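Please look at the sequence and the structure below, and keep both in view while reading. The paragraphs that follow go from single residues to pairs of helices.

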Amino acid sequence: MKKILYVILEQWADWELAYISSAVNMLGGGKFENKTVSLTENAVTSIGGVKCLPDYDLQSAPSDYDALILIGGMSWHNENAMQIKPFIDDCIKNGKVLGAICDACRFLGSVGALNGAKHTANDFNELKQYSAYANEQGYIHRQAVSDNNVITANGTAALEFAREILKSLSVASDEQINGWYDFHKLGLYNAAMPRMQEL
């Protein structure tokens with residue numbers, strides 16, 4: 001079973017994790033496992049006020065995972081977020097899927113983790129302020145970008161981010177993933193899904 005680890009910090013963005021994890025379970029045929037990781041074993045509260053008890057802290061997190069996904073939120077500017085850096089370095093070194101959305105993209109840029117792949121973020125000018133960021137030519141003004149096992153998205157692109165992760169991990173066929181995306185993006189009456197056409 002493939003394992004996806006979601007890093008959540010205080011004030012994490014509920015909806016960003018929800019789209020990915022629910023699609024993994026719905027489309028993945030039981031071949032994937034969703035697990036959360038945080039700085040400690042204590043419950044972390046989302047932007048929406050939902051408390052989540054992480055499956056792992058940084059010390060107990062497994063090394064046999066297939067993707068490390070940094071969920072956006074309000075705490076990636078905090079100094080203690082730097083504790084995640086060794087985890088990110090290990091992910092890149094071992095060629096695993098690394099994802100980040102919203103302010104987590106800025107964090108990846110601040111630790112040099114975007115230097116080997118095309119990417120996007122919330123604010124290009126903010127990325128350029130970090131001395132560790134050395135890939136201005138790799139920045140793409142797009143909702144979500146997937147390149148070299150690194151997936152990034154701005155904060156308005158939760159669905160696009162989820163779609164790229166699903167494709168990178170081959171959770172389902174491209175047709176199924178695109179159908180899932182269209183259904184959630186376009187709505188019940190506009191998505192061109194076969195079962196909708198039959199009604």
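Leaving aside its neighbours within four places in sequence, which residues is serine 75 in contact with? In this predicted model, serine 75 is in contact with Leu9, Glu10, Gln11 and Ala81, once the neighbours within four places in sequence are set aside. To find serine 75, look in the loop between strand E6 (67–70) and helix H2 (85–93). Its relative accessibility is 8%, and because buried means under 20%, serine 75 counts as buried. One of the residues it touches, glutamate 10, also takes part in a polar contact, for the side chain of serine 75 reaches the backbone oxygen of glutamate 10 at 2.6 Å.

A second residue to visit is threonine 152, which lies in strand E9, made up of residues 150–153. Is threonine 152 buried or exposed? With a relative accessibility of 0%, threonine 152 counts as buried. Not counting residues up to four places away in sequence, threonine 152 touches Ala100, Cys105, Leu114, His119, Thr120, Gln143, Ala144, Val145 and Phe161. For threonine 120 there is also a distance to note, since a polar atom of the side chain of threonine 152 lies 2.9 Å from the backbone nitrogen of threonine 120.

Now turn to the helices. Two packed helices are described by the angle between their axes and the distance between the axes. Helix H5 (residues 158–168) and helix H6 (residues 174–186) have axes that come within 10 Å and cross at roughly 170 degrees. Angles over 145 degrees count as roughly antiparallel, and H5 and H6 are therefore roughly antiparallel to each other. On the side of H5, the contact is made by Leu159, Glu160, Ala162, Arg163, Leu166 and Lys167, while H6 brings Asp174, Ile177, Asn178, Trp180, Tyr181, His184 and Lys185. Sorted by class, this contact of H5 with H6 has six nonpolar, two polar and five charged residues.

H6 also packs with helix H1 (residues 14–27), at an angle of about 135 degrees and with the axes 12 Å apart. What does this angle make of the pair H1 and H6? H1 and H6 are therefore oblique to each other, and H1 passes H6 in a right-handed crossing. Here Tyr19, Ala23 and Leu27 in H1 meet Gln176, Ile177, Trp180 and His184 in H6. By class, the contact of H1 with H6 has five nonpolar, two polar and no charged residues. Ile177, Trp180 and His184 of H6 take part in the contact with H5 and also meet residues of H1.

Conventions. Residues are numbered from 1 along each chain as its sequence is written. This is a predicted model: local features need pLDDT of at least 70, side-chain atom pairs count only at pLDDT 80 or more; totals for chains, interfaces and linings use all residues. Side-chain values use heavy atoms; hydrogens and water are left out. Helices (H or I, at least four residues) and strands (E, at least two) are DSSP runs, numbered from the N terminus. Buried means under 20% relative accessible area, exposed over 50%, partly exposed in between (1.4 Å probe, protein chains only). A polar contact is a pair of N or O atoms within 3.5 Å; within protein, one must be able to donate a hydrogen and the other to accept it, and residues adjacent in sequence count only if both atoms are side-chain atoms. Contact means heavy atoms within 4.5 Å. Axes are lines fitted to C-alpha atoms, for helices over the stretch in contact, and angles run from 0 to 180 degrees between N-to-C directions. Angles under 35 degrees count as roughly parallel, over 145 as roughly antiparallel, 65 to 115 as roughly perpendicular and the rest as oblique. Ala, Val, Leu, Ile, Met, Phe, Trp, Tyr, Cys and Pro count as nonpolar, Asp, Glu, Lys and Arg as charged, and the others, Gly among them, as polar. A crossing is left-handed if the near helix is turned anticlockwise from the far one by less than a right angle, and right-handed if clockwise.
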